[in-house]
Amino acid sequence: MSFTQPTPAPARVNRSEFAVPGSNPRFLEKAATSGADVIFLDLEDSVAPDDKVAARKNVIAALNDLDFGRSTVSVRINGLDTHYMYRDVVDVLERGGERLDLIMIPKVGAAADVYALDMLVTQIETAMGRKKKIGFELIIETALGMANVESIAATSPRLESLHFGVADYAASTGARTTVIGGPNRDYAVLTDPDDHGRRDTHWGDMWHFAVARMVVAARANGLRPVDGPFGDIADADGYRAQAHRSAALGCEGKWAIHPSQIALAHECFNPPANEVDRARRILKAMREAAAAGKGAVSLDGRMIDAASVRQAEVMVAKARAIYATERSATSSPKPKTPKTSKSGAGKRRKSNRK
Ligand code: GLV
Ligand code: MG
């Protein structure tokens, strides 16, 4: 191991990252009981320019009035290139109470973007005497952001996670696609002819480089890498395929842009029981090996050594954290009867559990 060790971000389960438009109070209310690991209340791209001010007010009301249960709560602010951004941060932090956990910063292009937000948030936290230090989630979704991802990921102790925003990334890099994530029939190779002259088309994953690069930058800095949206909400198998490949590459979770994708994300990012079982058997076999003075042994016909122990520990720690989250979700009190608030919407009543 290097003498340099990344400081891990605060531990949070982040299998699902549920996007909900701030412009729709009914969606905000439903999101509160969605059971997503992280819910982000959106002020950016799902909100039309004419609705930005109303959306900000809705989000502030939701943070004050709704009970988000065990979910981590985030607000996606507008980009640093817009005039909405400063007021998003100031109003949400000054008037949104203490429930907020994270701010999601879109289209981060350079380390200085994070620095600027850190300065603003620090000033507001100090002035307001806020008790909870707000963490940052960053969306890497531009060519500039990807080119600078390593320096961005090392910027601030507030950073918790990096997210791959596939739609904006496609636009920024000029990729020839108009769908949100998923495969592309043009990103393929044709095999040489076999003995019968047949040729096969092998589709590749055109997002592999970007996701893999973001994962490495995140992990090198102790952050959670999270895969972004998958636009075809009717295609559960397509979502699963993208999510499994992200999990295989090291992502902690994936966005859900429709409630049905929350359960899919949990299904795909829960470590499979047989792999957790094998990880536990690796740890046991290596404990026995150490007691017998051996550094490497064979398990199920495969060599295992100290690196296998580290892989197994990651798997078991992940399974434990998820198990603890699911247990707390099933033992949490039933949602209270919705009450009618001043704004007229029926709402699940708030508590200050997080
Ligand atoms: C998310 O913000 C995306 O652009 O995909
Ligand atoms: Mg985007």
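Colleague: Which residues does Ala256 touch, leaving aside residues up to four places away in sequence?
Modeller: In this predicted model, Ala256 lies in strand S10, which spans residues 253–256, and Ala256 is buried, with a relative accessible area of 0%. Once residues up to four places away in sequence are set aside, the residues that Ala256 touches are Glu17, Phe18, Ala19, Gln261 and Ile262.

Colleague: What distance separates the C-alpha atoms of Ala256 and Pro25?
Modeller: Ala256 belongs to strand S10, and along the chain Ala256 and Pro25 are 231 residues apart. In space, the separation between their C-alpha atoms is 18 Å.

Colleague: In what order do the 8 strands close into a barrel?
Modeller: The pairing in this barrel is parallel, and neighbouring strands of the sheet are turned against each other by 25° on average, with direction ignored. The order in which the 8 strands close is S1-S2-S3-S4-S5-S6-S9-S10.

Colleague: Which residue in S10 stands opposite Val226?
Modeller: Strand S9, made of residues 224–227, runs parallel to S10, and 2 bridges join these two strands. The residue of S10 that stands opposite Val226 is Gly253.

Colleague: What angle does the direction of helix H10 make with that of S10?
Modeller: Helix H10, which covers residues 260–269, packs on the sheet and touches strand S1 (16–21) as well as S10. Between the direction of helix H10 and that of S10, the angle is about 170°.

Colleague: How many residues of S5 are buried?
Modeller: From S5, Gly135, Glu137 and Ile139 point one way, while Phe136, Leu138 and Ile140 point the other way, and all of these are buried. S5 is accordingly described as mostly covered, and the count of its buried residues is 6 of 6.

Colleague: Which residue is the bridge partner of Ile105 in S5?
Modeller: S4 and S5 run parallel and are joined by 4 bridges. In S5, the residue that serves as bridge partner of Ile105 is Leu138.

Colleague: Which residues coordinate the magnesium ion (ligand 2)?
Modeller: One of the coordinating residues lies in the loop between strand S5 (135–140) and helix H5 (143–147), and the other lies in helix H7 (residues 166–173), so the pair ties together parts that are 27 residues apart in sequence. The donor atoms, an OE and an OD, stand at 2.0 to 2.1 Å from the magnesium ion. The residues that supply them are Glu141 and Asp168.

Colleague: Is Glu141 buried or exposed?
Modeller: The two residues at the magnesium ion can be taken in turn, and Asp168, at 22% relative accessibility, counts as partly exposed. Glu141 has a relative accessible area of 3%, and falling under the 20% limit, Glu141 is buried.

Colleague: How many disulfides does the structure hold?
Modeller: The sulfur of Cys251 has its closest cysteine sulfur in Cys268, at 12 Å, which is too far for a bond, because a disulfide needs the two sulfur atoms within 2.5 Å. Cys251 is buried, with a relative accessible area of 1%, and Cys268 is buried too, with a relative accessible area of 5%. The number of disulfides is 0.

Colleague: Where does Lys107 lie, given its positive phi?
Modeller: Most residues other than glycine have a negative phi. Lys107 is not a glycine, although its phi is positive at about 50°, and at 27% relative accessibility Lys107 counts as partly exposed. The place of Lys107 is the loop between S4 and H4.

Colleague: Is Asp300 buried or exposed?
Modeller: Asp300 also has a positive phi of about 50° although it is not a glycine, and Asp300 is found in the loop between strand S11 (297–299) and strand S12 (302–304). With a relative accessible area of 52%, which is over the 50% limit, Asp300 is exposed.

Colleague: What distance separates the centres of domain 1 and domain 2?
Modeller: The protein chain is divided into domain 1, covering 16–270, and domain 2, covering 271–332. The contact takes 6 residues from domain 1 and 7 residues from domain 2. Taken over C-alpha atoms, the distance between the two centres is 30 Å.

Note on methods. Residues are numbered from 1 along each chain as its sequence is written. Chains are lettered from A and ligands numbered from 1 in the order in which they are written. This is a predicted model: local features need pLDDT of at least 70, side-chain atom pairs count only at pLDDT 80 or more; totals for chains, interfaces and linings use all residues. Side-chain values use heavy atoms; hydrogens and water are left out. Donors are N, O and S atoms within 2.8 Å of the metal (3.2 Å for Na, K and Ca); water is not among the atoms, so sites may look incomplete. Buried means under 20% relative accessible area, exposed over 50%, partly exposed in between (1.4 Å probe, protein chains only). Contact means heavy atoms within 4.5 Å. Two strands pair if DSSP finds at least two bridges between them. Axes are lines fitted to C-alpha atoms, for helices over the stretch in contact, and angles run from 0 to 180 degrees between N-to-C directions. Domain bounds come from an automatic or database domain assignment.
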